Amino acid sequence: MLSDFGCPETGEEKPDRETELKSAFEDGYQQGLSDGHAEAQADAEVRLAEAETLFLERLNLERNAFRQECADVLAARLDGAVKLIERAIGERVATLLRPWLVEKLRERAMQDLEGAITRALVEGAKVHIEAPAEVLEHLRGRLANEAFQIGYSEATSPDIRAHIEDTAIEANIAAWISELEAAAT
C-alpha cells in the first residue's frame, strides 16, 4: 500500500537503469517511427492530391486541344461541302435560267429593233429587214406595213439586219447568246 503513495514497496526489485534506458529508447523509436509514418502518409496524400490536380488540368487542356482540332477539321470539311453545294446549285440555276434569259434577251433586242424601225418609218425613211422567217413573221405582225416603205427578206443566219436609208442596224443575237452562255460557265 505504500506504493499507492509513491513509495516503493520493499519487496519489489528496482528495474535497472540500462533496461529503463533501452525501454525508453525503444518507446521513443516506436513513437518517432509512428509519427514519421503519419507525417509521410500525410505528405504522400498532399502530393497525390497535387498530382491528381495537375493531371486533371493537363487532361482538360489536352481534351480541349483535341476538341478544337476536331472542330477545325469539321469546319474545314463543312466549308468545302457548302462551297461544293453552292457551286452545284449555281450551275443548276444557270442551266435552268439560261433558256429564260436567252428568251428575255431576244425579246429585248426585238423591242429595241421595233422601236428604232418604228421611229424611222414615222420619219419617212425606207426600211428593209433581213432576218430568219420566224422573226420576219413576228415583225410583220407588229409593224404597220401600210403607207410605209418597208421590205422584208429571209436570211439563213440567226442575225437580224435592218437597213434604214443608208444606215444599217444589226442585231447579232447569236453572239449575245454565246456571250451569255460563256459568262454562265
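In this predicted model, the charged end of Arg140 sits over the ring of Tyr152. The distance to the ring centre is 4.6 Å. Aromatic pairs are another matter: a search of the whole structure finds 0 of them.

**Overall layout**

The chain has 185 residues, and 15% of them count as buried. It holds 3 helices and 4 strands. Along the sequence, these elements follow the pattern α-β-α-β-β-β-α.

**The strands**

Start with strand β1, residues 127–131. One face of β1 is covered and carries Val127, Ile129 and Ala131. The other face is uncovered and carries His128 and Glu130.

Which strands pair with β1, and in what sense? Strand β2, residues 150–154, pairs with β1 in the parallel sense over 5 bridges. Here Ala131 has Glu154 of β2 as its bridge partner. Strand β3, residues 160–164, pairs with β1 in the antiparallel sense over 4 bridges. In β3, Ile164 is the bridge partner of Val127.

**Helix α1 and its nonpolar patch**

Helix α1 spans residues 17–122, and Trp100 has its place there. Trp100 belongs to a nonpolar patch on the surface, together with Ile85, Ile89, Val93, Leu97 and Leu101. The patch has about 550 Å² of accessible area. Is Trp100 buried or exposed? Its relative accessibility is 49%, so Trp100 counts as partly exposed. The cut-off for exposed is over 50%.

**Salt bridges**

Side chains of opposite charge can pair when their charged atoms come close. The structure holds 7 salt bridges. The table shows three, including the relative accessible area of each partner.

| Salt bridge | N to O distance | Accessibility of the first partner | Accessibility of the second partner |
|---|---|---|---|
| Lys22 and Glu18 | 3.9 Å | Lys22, 56% | Glu18, 52% |
| Arg47 and Asp43 | 3.2 Å | Arg47, 56% | Asp43, 37% |
| Lys104 and Glu107 | 3.6 Å | Lys104, 39% | Glu107, 30% |

How far apart in helix α1 are Lys22 and Glu18? They lie 4 residues apart, about one turn of the helix. Arg47 and Asp43 are also in helix α1, and because they are 4 residues apart, about one helical turn separates them. Lys104 and Glu107 lie 3 residues apart in helix α1, again about one turn.

Now look at exposure. Lys22 counts as exposed, and Glu18 is exposed too. Arg47 is exposed, whereas its partner Asp43 is partly exposed. Lys104 is partly exposed, and Glu107 is also partly exposed.

Technical notes: Residues are numbered from 1 along each chain as its sequence is written. This is a predicted model: local features need pLDDT of at least 70, side-chain atom pairs count only at pLDDT 80 or more; totals for chains, interfaces and linings use all residues. Side-chain values use heavy atoms; hydrogens and water are left out. Rings of Phe, Tyr and Trp (its six-membered ring) pair if their centres lie within 6.5 Å; planes under 30 degrees apart count as stacked, over 60 as edge-to-face and the rest as tilted. A charge sits over a ring if NZ of Lys or CZ of Arg is within 6 Å of the ring centre and within 35 degrees of the ring normal. Buried means under 20% relative accessible area, exposed over 50%, partly exposed in between (1.4 Å probe, protein chains only). Helices (H or I, at least four residues) and strands (E, at least two) are DSSP runs, numbered from the N terminus. Two strands pair if DSSP finds at least two bridges between them. Patches are made of residues with over 30% relative accessible area and no salt bridge: like charges are joined within 9 Å, nonpolar side chains (Val, Leu, Ile, Met, Phe, Trp, Tyr) within 5 Å. Accessible areas come from the Shrake-Rupley method with a 1.4 Å probe; for residues, only the protein chains shown count as cover. A salt bridge is a side-chain nitrogen of Lys or Arg within 4 Å of a carboxyl oxygen of Asp or Glu.
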